[in-house]
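Here are some notes for a first reading of the model. They take charged pairs to begin with, and nonpolar cores after that.

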Amino acid sequence: MTSPTVLTDREIGLARLAAHGLVRPQDVAPEDVVRALGAVQAQDLPGALVSVGLRRSRGSDGLRQAFDDGRIVRTWPMRGTLHLVPAEELREWLAVLGPRTVASTAARRRALGIDERLDAARETALAALRHGPQPRARLHAAWEEAGLLGEPGRAYHLMLALHLDATLCMGPLTADARDQLVVPVADWVPAAGEGAAGAGTGGPPPVVERWVRRYLRGHGPVSVADAARWAALPQSAVRAALTGMDGVVAVHDRGGRELWCAPEVLGGPAPGDRRAAGVFLLPPFDEYVLGYGDRSHVLAPAHATRIVPGGNGVFKPTLVAGGRIVGTWARVRGAGGAELALDPFGELSPARRRAAERAFARLPAL
């Protein structure tokens with residue numbers, strides 16, 4: 001029996017950069033980037049837009065149109081966190097994973113009286129949306145006028161509940177691209193065929209196999225635990241999806257842990273690939289960081305609190321070099337306009353600083 005390939009942390013980091021499409025971005029549509037990753041973390045919408053643009057050779061060109069045309073939407077498909085998803089798969093995500101989020105938020109829903117207000121909130125929201133896509137604040141105001149709020153957190157949880165049951169989603173970008181307008185799913189996203197998310201015989205639903213495959217290929221090398229955490233699924237469901245799956249291979253890290261990835265990322269980039277080993281500036285909450293429960297292959301545990309100070313869930317933009325997260329960065333106002341401020345974890349060579357400045361100048365922007 002052939003021994004599994006063993007990868008160093010550096011090789012894992014470089015392979016992940018390639019799997020993410022960051023090393024050599026392709027000429028693909030924005031929704032294809034989202035589809036290839038499975039979903040894109042998007043509680044910080046401007047950062048999510050940069051994440052998609054970084055993975056395309058055309059950057060942000062055509063990105064707004066993908067939202068305005070209804071090809072990409074934003075919702076809470078898993079882990080109670082906003083993500084970008086391909087519009088045609090919205091109902092599948094919610095049908096399979098929505099109930100898990102509902103269950104995890106059940107106590108808060110009961111405390112806020114969400115379920116007994118939900119039908120009225122749905123009717124009020126859809127009435128407001130007859131005039132076209134609306135900002136969230138407009139729906140909040142309509143609920144206030146209808147006497148449905150009055151308690152802190154109620155507006156958020158009503159919005160969450162109506163996204164989870166596929167009544168609403170976030171569609172077109174606002175003028176400043178810092179938020180989206182809310183739309184009715186029934187009008188905005190054409191219905192898929194019957195049974196798209198249904199279970200096959202004796203295995204996980206086909207959609208789960210598709211998500212697992214995309215995650216392994218778009219984020220690998222990754223562990224089963226990482227895949228389960230990302231998709232908010234039991235590890236048993238991920239292992240069942242892996243059974244007989246082609247197009248992915250198993251490798252090991254230096255600690256003997258089994259990881260899975262697409263075979264092509266093992267053939268390149270090589271450890272000496274200058275582009276892969278170069279400098280990348282990633283926005284907050286990028287999938288290269290947030291797409292993993294265990295980040296130790298690319299981030300020294302001693303520096304973990306530097307990217308999310310205080311463990312408050314607010315992640316800083318990250319500086320990646322040589323396949324590892326080596327610092328954070330920020331956009332600051334200077335005399336000549338926006339400037340790059342670097343906060344490396346250690347010594348950063350002049351060459352890498354210059355590369356970071358070039359990466360800053362190339363960041364996609366709407």
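1. Start with a pair inside one helix. R35 and D32 both belong to helix α2, which covers residues 30-37. They sit three residues apart, about one turn of the helix. This is a predicted model, and in it the two side chains form a salt bridge with an N to O distance of 2.6 Å.

2. Are these two residues buried, partly exposed or exposed? Partly exposed means a relative accessible area between 20% and 50%. R35 has 21% relative accessibility, so R35 counts as partly exposed. D32 is partly exposed because its relative accessible area is 34%.

3. R35 has another partner. A salt bridge joins R35 to E88, and their closest N and O atoms are 2.9 Å apart. This pair links distant parts of the chain, since R35 is in helix α2 while E88 is in the loop between β4 (81-86) and α5 (90-104), 53 residues apart. E88 counts as partly exposed because its relative accessibility is 40%.

4. Next, look at a pair between loops. Which residue forms a salt bridge with R257? The partner is D294, with the closest N and O atoms 2.6 Å apart. R257 lies in the loop between β7 (249-253) and β8 (258-261), and D294 in the loop between α14 (287-290) and α15 (304-307), so the salt bridge ties together parts that are 37 residues apart in sequence. Both are partly exposed, because R257 has 40% relative accessibility and D294 has 22%.

5. Salt bridges can also share partners. In this way E89, E92, R210 and R214 are joined into one network. The count for the model comes to 19 salt bridges. As background, side chains of opposite charge can pair when their charged atoms come close.

6. Now turn to the nonpolar residues. The largest nonpolar core has 58 residues. Within this core, L90, W93, L139, W143, L168 and L216 touch the most other members. Helix α9 (residues 154-164) supplies the largest share of the core, seven residues.

7. W93 is a useful residue to display. What does W93 touch, leaving out residues up to four places away in sequence? The list is G38, A39, P77, M78, V85, P86, G98, W211 and W230.

8. Finally, do not stop at that core. Another core, of 35 residues, lies apart from it. Its members include L17, V50, L281 and W329.

Definitions and conventions. Residues are numbered from 1 along each chain as its sequence is written. This is a predicted model: local features need pLDDT of at least 70, side-chain atom pairs count only at pLDDT 80 or more; totals for chains, interfaces and linings use all residues. Side-chain values use heavy atoms; hydrogens and water are left out. A salt bridge is a side-chain nitrogen of Lys or Arg within 4 Å of a carboxyl oxygen of Asp or Glu. Helices (H or I, at least four residues) and strands (E, at least two) are DSSP runs, numbered from the N terminus. Buried means under 20% relative accessible area, exposed over 50%, partly exposed in between (1.4 Å probe, protein chains only). A nonpolar core is a set of buried Ala, Val, Leu, Ile, Met, Phe, Trp, Tyr and Cys residues joined through side-chain atoms within 4.5 Å. Contact means heavy atoms within 4.5 Å.
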